[in-house]
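Colleague: I'm new to this one, and I'd like to learn how to read it feature by feature. Could you walk me through it?

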Amino acid sequence: MIAGRKFTTLIATAIAIPALAGTSVATPEFSGIWARNSFNFEAPPSGPGPITNMKRVGADASRPILGGDPVPLVGDYTNPILKPHAADLVKRRGEISASGHDFPDPSNQCADFSPPFMLQMQQRVEILQMEKEILFIYQGDDHVRHVRLNETHPKKVVPSPMGHSVAHYDGDALVVDTVGIKLAPYTVVDRFGTPQSQAMHVIERYRLIGADEARTAQERHEQTSGRTGGKEGNWPFDPKEKKGLQIQVTIDDPNVFTTKWSGNLTYRRTFVPWEERVCAENNSDVLHQGFEHVPTAEKPDF
């Protein structure tokens with residue numbers, strides 16, 4: 001993708017946070033840059049999980065994808081978490097992808113990323129822990145998210161693309177609660193086109209895990225979701241780092257899903273400097289370059 005909008009560099013200073021109020025437990029240190037080399041939610045250890053790619057099952061799923069991103073994106077519309085209308089939409093969007101084309105989503109349309117799509121799409125995130133808020137800076141399209149600490153949702157939430165997020169520390173974890181996500185023409189839950197409604201409620205639970213545990217989780221997920229950037233990945237990890245970051249995401253939308261479900265995201269520290277990555281619209285199939293007409297000066301598309 002090419003540069004298409006201005007990017008304002010954010011300079012933020014993380015404030016040292018004291019021990020959790022009323023306890024001797026130190027606040028967990030999540031600040032810094034974290035990375036992974038895949039998309040999509042990881043399957044949870046147990047219970048209902050996310051939509052997966054029907055093109056990555058059986059023997060095919062056992063072969064690592066080290067060259068990039070497995071397409072087509074054909075979501076498993078038989079997953080029992082989906083209500084009938086949602087299953088039908090996932091099926092139809094999978095047929096579009098299987099035909100060699102992309103159905104619109106926030107990424108390929110340069111639209112706002114909203115939770116939970118934003119979470120499963122981002123490969124790098126910088127976290128800044130401050131006294132009254134947690135700031136998340138996402139590399140994909142330079143999205144910025146403000147999460148208020150130790151507050152509650154207002155009685156009447158004004159919907160916005162990021163939703164209204166509040167957080168608190170729970171022992172060694174950071175818990176983020178989001179409601180009030182505004183729907184736009186391309187708002188979806190995941191890269192398989194699963195829909196969502198304004199009833200969407202997302203809870204994220206951040207905790208530190210061992211670096212080896214994080215590596216194992218990432219490599220297991222890459223077996224079916226691919227490793228972007230080839231064998232070495234887009235983002236090399238810091239070999240001296242002893243901790244990884246795992247986020248358990250719980251999703252509840254009674255207008256779309258039959259039950260609550262969850263998926264994980266696992267990150268490790270990276271030493272690669274932050275980069276600007278912006279998006280500009282075109283009408284090509286971004287995952288299958290060359291299938292669609294791209295406007296030119298000689299033949300404008302209007």
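Modeller: Happy to. Let's start with a word we'll need: a residue is buried when its relative accessible area is under 20%, exposed when over 50%, and partly exposed in between. Keep in mind that this is a predicted model. Phenylalanine 136 has a relative accessible area of 0%, so it is buried.

Colleague: And how much of the chain is buried?

Modeller: The chain has 302 residues, and buried ones make up 50% of them. As for the outside, the chain exposes about 15100 Å², with carbon and sulfur atoms supplying 54% of that.

Colleague: What are the helices and strands, and in what order do they run?

Modeller: There are 4 helices and 9 strands. Reading from the N terminus, you get β-α-α-α-β-β-β-β-β-β-α-β-β.

Colleague: How do I tell which parts of the sequence meet in space?

Modeller: Look at how far apart in sequence the contacting residues are. Take the contacts in this chain with a separation of 6 or more: 69% of them join residues 24 or more positions apart. Valine 166 gives you a single case: its C-alpha atom is 8.5 Å from that of glutamate 133, though their positions lie 33 residues apart along the chain. Valine 166 belongs to strand β5 (residues 164-170). It is at 8% relative accessibility, which is why it counts as buried. Beyond four places in sequence, the residues valine 166 touches include Val147, Arg148, Val175 and Val176.

Colleague: Which residues have the most contacts inside the largest nonpolar core?

Modeller: That core is a set of 44 residues, and the ones with the most contacts inside it are Leu119, Phe136, Leu174, Tyr206 and Phe257. Try following Leu174 outward: among the residues it touches, setting aside those up to four places away, are Phe30, Ile134, Phe136, Leu149 and Tyr206.

Colleague: Phe136 again! How should I read the aromatic rings around it?

Modeller: For a ring pair, check the distance between centres, then the angle between planes. The whole structure holds 5 aromatic pairs. In one of them, phenylalanine 136 and tyrosine 138 are stacked, 6.2 Å centre to centre with 5 degrees between the planes. Tyrosine 138 counts as buried because its relative accessibility is 3%. Phenylalanine 136 also pairs with tyrosine 206, and that pair is tilted: 5.5 Å between centres, 40 degrees between planes. Phenylalanine 136 is in strand β3 (residues 133-138) and tyrosine 206 in strand β7 (residues 201-210), so this pair ties together parts 70 residues apart in sequence. Both residues are buried.

Colleague: What forms an aromatic cluster here?

Modeller: Phe41, Phe257 and Trp261 form one.

Colleague: Which charged end sits over the ring of phenylalanine 136?

Modeller: That's arginine 145, whose charged end is 5.6 Å from the ring centre. You can find another arrangement of this kind where the charged end of arginine 268 sits over the ring of phenylalanine 237, 4.0 Å from its centre.

Colleague: Now polar side chains. Is arginine 124 buried or exposed?

Modeller: Buried, because its relative accessible area is 1%. Arginine 124 sits in strand β2 (residues 124-129). For a buried polar side chain, the next thing to look for is a partner. The side chain of arginine 124 reaches the backbone oxygen of valine 272 at 2.7 Å, and one of its polar atoms lies 3.0 Å from the backbone oxygen of proline 273.

Colleague: What about glutamine 120: which backbone oxygen does its side chain reach?

Modeller: The one of phenylalanine 117, at 2.9 Å. Glutamine 120 is part of helix α3 (residues 117-121), and it counts as buried because its relative accessibility is 1%. Its contacts beyond four places in sequence include Arg36, Phe39, Asp190 and Leu265.

Colleague: Where is tryptophan 274 placed?

Modeller: In the segment after β9 (261-269). At 24% relative accessibility it lies between the two cut-offs, so tryptophan 274 counts as partly exposed. Its C-alpha atom is 8.8 Å from that of glutamate 126, a residue 148 positions away in sequence. Tryptophan 274 is also in contact with Arg124 and Tyr138, among others, two residues we've already visited.

Terms used:
Residues are numbered from 1 along each chain as its sequence is written. This is a predicted model: local features need pLDDT of at least 70, side-chain atom pairs count only at pLDDT 80 or more; totals for chains, interfaces and linings use all residues. Side-chain values use heavy atoms; hydrogens and water are left out. A nonpolar core is a set of buried Ala, Val, Leu, Ile, Met, Phe, Trp, Tyr and Cys residues joined through side-chain atoms within 4.5 Å. Buried means under 20% relative accessible area, exposed over 50%, partly exposed in between (1.4 Å probe, protein chains only). Contact means heavy atoms within 4.5 Å. Helices (H or I, at least four residues) and strands (E, at least two) are DSSP runs, numbered from the N terminus. A polar contact is a pair of N or O atoms within 3.5 Å; within protein, one must be able to donate a hydrogen and the other to accept it, and residues adjacent in sequence count only if both atoms are side-chain atoms. Rings of Phe, Tyr and Trp (its six-membered ring) pair if their centres lie within 6.5 Å; planes under 30 degrees apart count as stacked, over 60 as edge-to-face and the rest as tilted. A charge sits over a ring if NZ of Lys or CZ of Arg is within 6 Å of the ring centre and within 35 degrees of the ring normal. Accessible areas come from the Shrake-Rupley method with a 1.4 Å probe; for residues, only the protein chains shown count as cover.
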